[in-house]
Amino acid sequence: MTSPIALSALSPGGQLSQTFLRLGTSRHFRSIFLSTSSLVSRNSLSTSSSRSTSTFSTQQQLRNFTQSRSKMVTNNGAWIKAAKSHPFVVEPAPVWTPEANEILVKNHAVAINPVDGSLQAAGWWPLNYPTMLGQDVAGVVAAVGPGVTSFKVGERVVGHAVGMATKRDQDNAFQEYTILQTNMTAALPDNISFEKACVLPLALSTAACALYQETHLKLQLPTVPPQKPTGKTFIVWGGASAVGSNAIQLAVNSGYEVITTASPKNFEYTKKLGASQVFDYASPTVQDDLINAMKGKTSAGALDCIGGAPQGILQQVLAKSEGVKGVASTKRGWPDPPEGVVMYSIFGTTLKDNFVGKAIYNDFLPAALKAGTYVPAPEPIIVGKGLDKIQEAVDLVKKGVSAAKLVVTL
């Protein structure tokens, strides 16, 4: 006896419409994900065992089969209706179709970044309204695009949603289903929760852009196990910040000694991440402390995770140090650097278009998380569950957090 199950089939517009297939007995009612790179089920598609998946072209699969669960899938998002509008409005969104080099992820947790609040309040970045925001995602693969073999349906993942760069609604995090690029997505070990994992993406990407891109500091890439010591020292200003927490770990796994700054309450935190020395960023002697710490060492450059006065301090420290004299900063507006010192601005999504994205998210992070040589940091603080908690979390971030990141579960 057979039972009807609703399946989503691709419509010409690229979203998901409904069709119905009979998949056999009631055991098929369990949660089954479908992929555009595979058939729904051998038994549901053919009465002959000789009819294999190779019989069907990718185009035929895209036309005829779903990339969703075996029950009807819906999506909702936290929308911004117009520039500077408040609050987010939770309303339906399409169930997106992944294209080549993309996957569709059912989000289980999303993290909040300061940029989310500033984009909502000031509208300083051109966006196509109504739209959604958010960049940090952890969840389960619901579908894969044509030709994607590096991820499979049902796999746990963490990834960087790059809608701020693409201006596509499907690429934003603040919704139940998000499209991720495969080179910006990492497989997630079972022992790491979605809540912990989702703190990583934007901060990890920003740090990686600064450290590894050919247009920036060009450090050697991280490996598992960590690279052998290079004998060079990297400075991170703001080691307890989200970007700093990732920069310390990346640099250590790349074979560099790390000196950082933090408030005294976060000294031990940054040392656990791998920093060899930590200095109080509020100390009136911090510039001299860093200059003295660099004596006899070879600089690999520096990363400013805060902006403002630290930019000038790092300029002076590197001007008086041997080695690389480049400072990458998460903020613009730095003073004119001394002769020989070079400043670099960072945009945390540019690695999606070069070798760094794959090197970090595909080649390094999954193995490092599994080996324990890289940990999700900073710690998550869960604000609540559901898209209606996004606005509360964004507002709380504006008030400031230290050595932590706010998370909403879905």
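Me: Buried means under 20% relative accessible area, exposed over 50%, and partly exposed in between (1.4 Å probe, protein chains only). How many of the eleven residues of helix α10 are buried?

Reply: Eight of them, so α10 is largely enclosed by the rest of the structure. The helix spans residues 309-319. Helices (H or I, at least four residues) and strands (E, at least two) are DSSP runs, numbered from the N terminus.

Me: Is this an experiment or a model?

Reply: This is a predicted model: local features need pLDDT of at least 70, side-chain atom pairs pLDDT 80 or more, while totals for chains, interfaces and linings use all residues. Residues count from 1 along each chain as its sequence is written, and side-chain values use heavy atoms, without hydrogens and water.

Me: OK, back to α10. Which residues are buried there?

Reply: Two neighbours near the start of the list are Pro 310 and Gln 311. Gly 312, Ile 313, Leu 314 and Gln 315 are buried too. Val 317 and Leu 318 complete the set in α10.

Me: What do the buried residues of α10 pack against?

Reply: One helix and four strands. The helix is α9 (286-293). The strands are β10 (232-237), β13 (298-304), β15 (326-329) and β16 (342-345).

Me: Let's take β10. How many of its six residues are buried?

Reply: Five, which leaves β10 mostly covered.

Me: Which strand is joined to β10 by six bridges?

Reply: That is β13, and the two run parallel. Strands pair if DSSP finds at least two bridges between them. β10 also pairs with β11 in the parallel sense, over four bridges.

Me: Where does Thr 233 fit in?

Reply: Thr 233 stands opposite Ser 299 in β13. In β11, the bridge partner of Thr 233 is Glu 257.

Me: And the side chains in a strand, where do they point?

Reply: In a regular strand they alternate between the two faces of the sheet.

Me: New topic. Thr 409: which strand holds it?

Reply: Thr 409 sits in strand β18.

Me: Buried or exposed?

Reply: Thr 409 is buried, because its relative accessible area is 11%.

Me: What does Thr 409 touch, leaving out residues up to four places away in sequence?

Reply: Contact means heavy atoms within 4.5 Å. Thr 409 touches His 108, Ala 109 and Glu 195. Its other partners are Ile 382, Gly 384, Lys 385 and Gly 386.

Me: Now the odd backbone spots. Where are cis peptide bonds?

Reply: One joins Val 224 and Pro 225, with omega about -5°. Pro 225 is in the loop between α6 and β10. Another runs from Ala 377 to Pro 378, with omega near 5°. Pro 378 lies in the loop between α11 (355-371) and β17 (379-385).

Me: What about Asn 101, what is its phi?

Reply: Near 65°, a positive value in a residue other than glycine. Asn 101 is in the loop between β4 (89-93) and β5 (102-111). Asn 101 is exposed, because its relative accessible area is 54%.

Me: And Lys 167?

Reply: Lys 167 has a positive phi of about 65°, although it is not a glycine. Its place is the loop between α4 (163-166) and β8 (177-181). Lys 167 is partly exposed, with a relative accessible area of 30%.

Me: Zoom out. How many helices and strands does the protein have?

Reply: Twelve helices and 18 strands. Of the 410 residues, 55% are buried. Among contacts between residues at least 6 apart in sequence, 69% join residues at least 24 apart.
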